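Trainee: Before I use any of these labels, I want to know what each one rests on. Can we take them one at a time?

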Amino acid sequence: MVNDERRNEPLDTPSQRTPHPHGEGATAADGQAGAGSLIRDVALYSVARLALVVVLTLLILYVPRAFGVEIPLLVAALFAVLIALPVSLVLFASLRRRVNVGIAAVDERRRTERADLEKRMRGENGR
């Protein structure tokens, strides 16, 4: 039989917290800050890629007009998307790496929280 006193103890005591990389206890605000920067990085990367598609579309539309060639907007947009795919991998490599690191950090935090929850559900509380 499990000791009832231990069941009623709070599970998030300072001795049971996972150490934070900066030396303090991990809090929910740390997870939110990580998720916030990830959202910002993903939004920035998406906006940068869309801006690249718009710039390429405008170039494909108006550069040939200087030589008397008309290109339909849909065709220009399609070519811009196809060209932007590999170009954005090179131009925005550092931003893409930041997004990947952020996703990995969020995945690791969720994996740790899930393992902790499963451990608590089995009745193991780290003592």
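**Labels and their cut-offs**

Trainee: Why is Arg98 called partly exposed?

Mentor: The relative accessibility of Arg98 is 40%. Buried means under 20% relative accessible area, exposed means over 50%, and partly exposed lies in between (1.4 Å probe, protein chains only). Arg98 therefore counts as partly exposed. This is a predicted model, in which local features need pLDDT of at least 70, side-chain atom pairs count only at pLDDT 80 or more, and totals for chains, interfaces and linings use all residues. Residues are numbered from 1 along each chain as its sequence is written, and side-chain values use heavy atoms, with hydrogens and water left out.

Trainee: Is Asp41 buried or exposed, and what decides it?

Mentor: Asp41 has 6% relative accessibility, so the residue counts as buried. Its place is in helix α2. How much of the chain shares that label is also known: 20% of the 127 residues count as buried.

Trainee: What makes Arg98 and Asp41 a salt bridge?

Mentor: The term requires a side-chain nitrogen of Lys or Arg within 4 Å of a carboxyl oxygen of Asp or Glu. Arg98 and Asp41 are at 2.9 Å, N to O, so the pair qualifies. Arg98 belongs to helix α4 (residues 93–121) and Asp41 to helix α2 (residues 28–62), so the pair ties together parts that are 57 residues apart in sequence.

Trainee: Why is Asp41 said to be in a network?

Mentor: Asp41 also forms a salt bridge with Arg40, where the closest N and O atoms are 3.3 Å apart. Arg40, Asp41 and Arg98 are thus linked in a network of salt bridges. Setting aside neighbours within four places in sequence, Asp41 is in contact (heavy atoms within 4.5 Å) with Leu95, Arg98 and Val99.

Trainee: How do you know that Arg109 and Glu113 are paired, and where do they lie?

Mentor: Their closest N and O atoms are 3.3 Å apart, and the two form a salt bridge. Both are in helix α4, four residues apart, about one turn of the helix. Arg109, at 28%, is partly exposed, and Glu113, at 45%, is also partly exposed. The whole structure has seven salt bridges.

Trainee: How many helices and strands are there, and what counts as one?

Mentor: Helices (H or I, at least four residues) and strands (E, at least two) are DSSP runs, numbered from the N terminus. By that rule the protein chain has four helices and zero strands.

Trainee: What makes a group of residues a nonpolar core?

Mentor: The members are buried Ala, Val, Leu, Ile, Met, Phe, Trp, Tyr and Cys residues joined through side-chain atoms within 4.5 Å. The largest such core here has 15 residues, and Tyr45, Leu52, Leu56, Ala80, Ala84 and Phe92 have the most contacts inside it. Elements α2, α3 and α4 each give two or more residues to this core, and α2 gives the most, with eight. Beyond neighbours within four places in sequence, Leu52 is in contact with Ala84, Val87, Ser88, Leu91 and Phe92.

Trainee: Why does Leu91 count as exposed?

Mentor: Leu91 has 55% relative accessibility, so it is classed as exposed. Leu91 lies in helix α3 (residues 73–91).
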